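Here is my note on the model you sent. Keep the structure open beside you and work through the points in order.

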Amino acid sequence: MSAGTVPAGAPSAADGAEAAHEVDAVLAGLRRHARQLVAEVDGPVRRVRLRSGDTVLEVEWHDAAAGQGVAATETARALDAPAVAPVAPPSPRPALPAGRIEVRSPMVGTFYRAPEPGAAPFVTVGDLVRPGQVVGIVEAMKLMNEVTAERAGRVAEVLVDDGRPVEYDQPLVALDPA
C-alpha cells in the first residue's frame, strides 16, 4: 500500500467532516423544535430534552431563573446559545409547617391527580387519607405509577398542578397529621 492510499472501508477525513455536518444539522433541527415547543408552553420552562437518534439536546434552567418567570423569547435565545451555562445549586424550598408530611414523587414523570381525564381527583384539600391510599399517579414512559401516602393525614395542599412534569423526590401533596 502506498503512502497516499486509504484502506478500503476506512473512514476518510471527508467522511468525518460529513458526519460532523450531519450532527450540526440534527442539532440545529432540535434547537428549532425546542424553540417552537417552549414558545407554545404557558409559563416558565424548567427543562427541555430532545433526542434524534444518538444526538441529544438538553437545556435546563434552574430555579432562580424559573422563579423570575423566564420569558419565551429569553428561553428561545438560550436555546440558540452554543455553550452551556454552569450549573447553579437549587434554591432551598420553603420550610414546612411543624408536623406537616409530604407525599413525594417516586420517579421523574408527569403527575396526574385523577385516574383519567375528566374523572374526580384521587384526593382534594381537606380529604382524610390513610397509609397506602393512592393520592395521584406519575406517568413515566407510558406507564402509570400510583403515588401512595406513607402515613395517615388530612390533605393540606396539593403542591403540583395536574399534568405537570415532576422530578424524583419532588413533594406532590402536603398532609397535616391526622
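1. Start with how strands are named. Helices and strands are DSSP runs numbered from the N terminus, and a strand needs at least two residues. With that numbering, Gln133 lies in the loop between strand 5 (128-129) and strand 6. We return to Gln133 below.

2. How far can you trust the coordinates? This is a predicted model. The mean pLDDT of the chain is 76. Of its residues, 67% reach 70 or more. Two stretches call for care. Over residues 64-70 the pLDDT stays under 50, and the model has 5 contacts for them beyond four places in sequence. Residues 83-91 also have a pLDDT below 50, with 4 contacts beyond near neighbours in sequence. Where pLDDT is low, do not read the predicted coordinates in detail.

3. Next, the overall layout. The chain has 3 helices and 10 strands. Read along the sequence, the pattern is α-β-β-α-α-β-β-β-β-β-β-β-β. The chain has 178 residues, and 24% of them are buried. Its accessible surface is about 11900 Å². Carbon and sulfur atoms hold 55% of that surface. Now take the contacts with a separation of 6 or more: 56% of them join residues 24 or more positions apart.

4. Look at the first sheet. Which strands form the open sheet with the order 3-10-8-5? The order itself tells you: strands 3, 10, 8 and 5, with antiparallel pairing. Strand 3 and strand 5 stand at the edges. Each has a single partner strand, so one side of each has no neighbour in the sheet.

5. Check the pairs in that sheet one by one. Strand 3 and strand 10 are antiparallel and pair over 4 bridges. Here Glu102 stands opposite Ala174 in strand 10. Strand 8 and strand 10 are joined by 5 bridges, again antiparallel. Val155 has Leu175 in strand 10 as its bridge partner. Strand 5 and strand 8 run antiparallel and share 2 bridges. In strand 8, Gly153 is the residue opposite Val129.

6. Now the other open sheet. Its 4 strands have the order 7-6-4-9, and the pairing is antiparallel. Why is one side of strand 7 (143-148) and of strand 9 (164-166) left without a neighbour in the sheet? Both stand at the edges, each with a single partner strand, so one side of each stays unpaired in the sheet. The twist averages 40° from one strand to the next.

7. Follow strand 6 into strand 7. They run antiparallel and are joined by 6 bridges. Ala140 has Leu143 in strand 7 as its bridge partner. Met141 sits in the loop between these two strands, strand 6 and strand 7. Its phi is positive, about 55°, although Met141 is not a glycine. Is Met141 buried or exposed? Met141 counts as exposed because its relative accessibility is 79%, and the cut-off for exposed is over 50%.

8. A similar check applies to Asp169. This residue is in the loop between strand 9 and strand 10. Asp169 has a positive phi near 70°, and it is a residue other than glycine. Asp169 is partly exposed, with a relative accessible area of 35%.

9. Turn to the inside. The largest nonpolar core has 16 residues. Val135, Leu172 and Leu175 have the most contacts inside this core. Strand 3 (101-104), strand 6 (134-140), strand 8 (153-158) and strand 10 (171-177) each supply at least two of its residues. Strand 10 gives the largest share, 3 residues. A second, separate core has 6 residues, including Leu30, Ala34, Val45 and Leu57.

10. Zoom in on Leu172. Beyond four places in sequence, Leu172 touches several residues, among them Val103, Phe111, Val138, Val158 and Val166. Its list of contacts also includes Arg104 and Ser105.

11. Back to Gln133, in its loop before strand 6. Why does Gln133 count as buried? Its relative accessible area is 15%, and buried means under 20%. Setting aside residues up to four places away in sequence, Gln133 touches Val123, Leu128, Val147, Thr148 and Ala149.

Terms used:
Residues are numbered from 1 along each chain as its sequence is written. This is a predicted model: local features need pLDDT of at least 70, side-chain atom pairs count only at pLDDT 80 or more; totals for chains, interfaces and linings use all residues. Side-chain values use heavy atoms; hydrogens and water are left out. pLDDT is the predictor's confidence in each residue, from 0 to 100. Contact means heavy atoms within 4.5 Å. Buried means under 20% relative accessible area, exposed over 50%, partly exposed in between (1.4 Å probe, protein chains only). Accessible areas come from the Shrake-Rupley method with a 1.4 Å probe; for residues, only the protein chains shown count as cover. A nonpolar core is a set of buried Ala, Val, Leu, Ile, Met, Phe, Trp, Tyr and Cys residues joined through side-chain atoms within 4.5 Å. Two strands pair if DSSP finds at least two bridges between them. Axes are lines fitted to C-alpha atoms, for helices over the stretch in contact, and angles run from 0 to 180 degrees between N-to-C directions.
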